[in-house]
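Okay, everyone, thanks for coming. I'd like to walk you through one structure today, so let me put it up on the screen.

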Amino acid sequence: MQRNRNINRDNDTTDTHHNRGNLAARAGRWSAQHRKSAIIGWFLFVALAVFAGNQVGQKNIADIDHYSGESRVAEELVQDNFPADPTTESVVVTSKQYSYGDRNFNAALTSVTDELTRQKSVADIRSPLTRDGPVSEDGHVALVQFTIKGDEEEAAEKVEPIAAAVEKAGTAHQGIAIGQFGDASFEHQLTKVFEDDFAKARSISLPITLLILVFAFGALVAVGLPVLLAITAVMATLGLIAIPSQIMPVDDAIAEVVLLIGMAVGIDYSLFYLKREREERAAGRGARAALEAAAATSGRAVLISGLTVIVAMSGMFIADSPTFSSFAVGTIMVVAIAMVGSLSVLPAMLSALGDKVDRGRIPFIAKRRQRAVAEGKEGGVWSKIVAVVLKRPAIAAFAAAALLIALALPALHLETQQEGVETLPQDIPAMVAYKQAQVLFPEENVPATVVLKTDDVESAEARRAIGEFVTRIGETPGFVAPRPDDITTNPADTVVRIDVPMINADDDSRAERDIETLRGSVVPETLGTIPGATVATTGMTASSVDFNQLMRDRLPLVFAFVLGLAFLLLLITFRSLVIPVMSIVLNLLSVAAAYGVMVLVFQHGWASSLLGFEGTFGIVPWLPLFMFVVLFGLSMDYHVFILSRIRELRDHGMTTEDAVTRGISATAGVVTSAAAVMVAVFAVFGSLSMISIKQMGVGLAVAVLLDATIVRAVLLPATMKLLGEANWYLPRWLEWLPKVQAEASAPVRPAPAIKNDPQPTPAEA
């Protein structure tokens, strides 16, 4: 035993001086030497971040910041010249057996009206029995309409007891169905759906994550470290983001985005680091030397990976959208915090735990890992796959590329669809009631809002143009002529607002064509003839059209920005002109394939029943850009980690082919485990109710799965084998680039075997 300690001490002495200039190595060394300060400092930082966030308070973007283009112009005119619209709700009273005028039907209307009158927050009740409430032509459906006192947020909070009172009225009348819908009802019920969905996602994804990590490490203590780092990074980010939100308000969904990205990268970075440290210990190095080797190699890979992800996420600033800008701030912060945590507190924890990190072993998993390491087969099935690929690299590269291109081809026909009533859960009570009313009462449908600003809306010229517009819109298919109540003028008589009900409001493609007709011909040929006037159209469909156009205009700029900076970062990191080009092409293939699968699933309905939805849907407009930056960042994470190991081995004298074989085999376990965690979590999101969240989950899960298998295990090694030494080509005119290597440790050598004195055999990923 004494001899073994001497060997470990020798290893410590040999490796401690290694790579002193490496930033990640210095951080790991300091953390290990001052582990108490590092650990206490980290948790104090997290606590202070959460405290600061609670004290400052998060500031969310205003409703108007969700608009762009012409619709934003119209919304600003409305906001500046008219009071906020009251929150209107409708109660649908319907019966196949009875009709308006029958005693039973009218009794139901009376019950609804009486229950609403008792509610203190209800005002302005319109019923067919007392005022001009809508009744269908056959009399079997009637609407009772009312407003809720207070602003939109207050209405959403007050609507629940109102809906309960309406439901109570409905249960008292047999043969008559009563339902309620409106903005407040939708807001309240959708919030409940969101809360239930994300509670479901958390309750399913956390056990799955822990189970995958148990199989990866075979030890319960080792499992806790990646999860702990990821959770604390997310907590700190959610606290600190309140500070920049005072200057740059954030989107309501920022917490979900931070949680999604933070858990992914936090677990990834911990796995990279912990895997290498356990590998070095299994090879016979002392605790100190193993930590320094992990810091100098995987720590540096984490640093480069984190910077690459940050570059990708910063592309969202180019979208020129407050929502995307807030996502960029949140994701950059959580990646940076997770990266710092993995380089600081993680080495301190590993130093404090030592070999105790392997406590709580799962016997059969630990033994299998131990046997694989002893036999040099830690790559498992991936080593065999890589060996086959390297024997026939041209065939493997062609087959993998052909598969990805085939999956990507449907993306050429990708169509976007606004997030409207069709993309919402169809089984919530408000949606059921809305569907009953929309066909019979098209005048109650979601309107397009046309806003006219001129010197005097009461002038003869303005009144003539407004009259022509009302007449023309009544003759235009897809619209209902506005009623007198739909036309309002501000007190200064300078702005008029016209709400035009849209018959096809729930049919995305037809509604967009109607908006094009409204903006392209009806408005210019009527209201647009007023000299010096400003005319703009807004509404749900119009704002979606404008947002789609913004995304189409900005997406090429985002691609150019992200790809350009990623190219420069990889060029400097690997000092190769070929590696960045190859990396970008491979990542774009996996992203394009994910787009193609989304088109097949949602636009063509493949596997729709399996995913729990009916019909076909276009892709929500914000998703292609969001998916690109997220997937490019996450896939580059794995890419940098694998290439770093390959470059390290080649720098230590291996041929490119041997370095590829050994590098992918050595990293296969951790990449597979990290990818499995993300695929599982994203797949859970694919099972949720909202079509937009479902699309995001499916797209991300498919992309990560393809990237970790087809790209990393087949296309990458095959391409590198075909390129050979050309992988590392750097023109002479670029020799001035700084020599920054992603990993630069001494080669890993097995410790000498000592009879009757077994080496540590930790389970490794």
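I'll start with the whole chain, then go to a helix pair, a cavity and a few single residues.

One thing up front: this is a predicted model. The protein chain has 24 helices and 8 strands. If you lay the C-alpha trace along its principal axes, it spans about 100 × 60 × 50 Å. Of the 765 residues, 56% are buried. And if you take the contacts with a separation of 6 or more, 81% of them are between residues 24 or more positions apart.

Now, the helix pair. Two packed helices are described by the angle between their axes and the distance between the axes. Here I'm looking at α19, residues 540-574, and α22, residues 623-651; they pack at an angle of about 10°, with the axes 11 Å apart. The cut-off for roughly parallel is under 35 degrees, so α19 and α22 are roughly parallel to each other. Who makes the contact? From α19 we have Met551, Leu555, Val558, Phe559, Val562, Leu563, Ala566, Leu570 and Phe574. On the α22 side, the residues include Leu625, Phe628, Val629, Phe632 and Met636, and also Ser644 and Arg647. Sorted by class, that contact comes out as 16 nonpolar, 1 polar and 1 charged residues.

Just past α19 there's Arg575, in the loop between α19 and α20 (578-603). Most residues other than glycine have a negative phi. Arg575 has a positive one, near 50°. Is Arg575 buried or exposed? Buried, because its relative accessible area is 11%, and the cut-off for buried is under 20%.

Compare that with Asp493, which also isn't a glycine and has a positive phi of about 55°. Asp493 is in the loop between β6 (487-489) and β7 (495-501). With a relative accessible area of 29%, Asp493 is partly exposed.

On to empty space. How many cavities of 30 Å³ or more does the structure hold? There are 5. The largest has a volume of about 80 Å³. Its lining is made up of Trp382, Ile642, Ile664, Thr667, Ala668, Val671, Thr672, Ala708, Arg712 and Ala713. Two helices, α23 (656-685) and α24 (691-723), each supply at least two of the lining residues, and α23 has the largest share, with 5. By class, the lining of the largest cavity is 7 nonpolar, 2 polar and 1 charged.

Two more residues and I'm done. Glu115 is in helix α5, residues 103-118. Is this glutamate buried or exposed? Glu115 counts as buried, because its relative accessibility is 13%, again under the 20% cut-off. Leaving aside neighbours within four places in sequence, Glu115 is in contact with Ala165, Lys168 and Ala169. As for Glu167, its C-alpha is 9.7 Å from that of Glu115, with the two residues 52 apart in sequence.

Last one: Ser321, in the loop between α11 (287-314) and α12 (322-353). Ser321 is buried too, at a relative accessible area of 6%. Not counting residues up to four places away in sequence, Ser321 touches Phe547 and Leu550. Those two positions take us back to the range of α19, residues 540-574.

That's my tour; happy to go back to any of these spots on the screen.

Conventions:
Residues numbered from 1 in each chain as written. Predicted model: local features only at pLDDT ≥ 70, side-chain atom pairs only at ≥ 80, totals over all residues. Heavy atoms only, no water. Helix = DSSP H or I, 4+ residues; strand = E, 2+ residues; numbered from the N terminus. Buried < 20%, exposed > 50% of the residue type's maximum accessible area, 1.4 Å probe, protein only. Contact = heavy atoms within 4.5 Å. Axes fitted to C-alpha atoms, helices over the stretch in contact; angles between N-to-C directions. Parallel < 35°, antiparallel > 145°, perpendicular 65-115°, else oblique. Nonpolar A, V, L, I, M, F, W, Y, C, P; charged D, E, K, R; others polar. 1 Å grid on protein atoms, 1.4 Å probe; cavity = no way out; pocket = protein on both sides within 12 Å on 5 of 7 lines; lining within 4 Å. Points joined across faces, edges and corners; volume = space filled by probe spheres on them.
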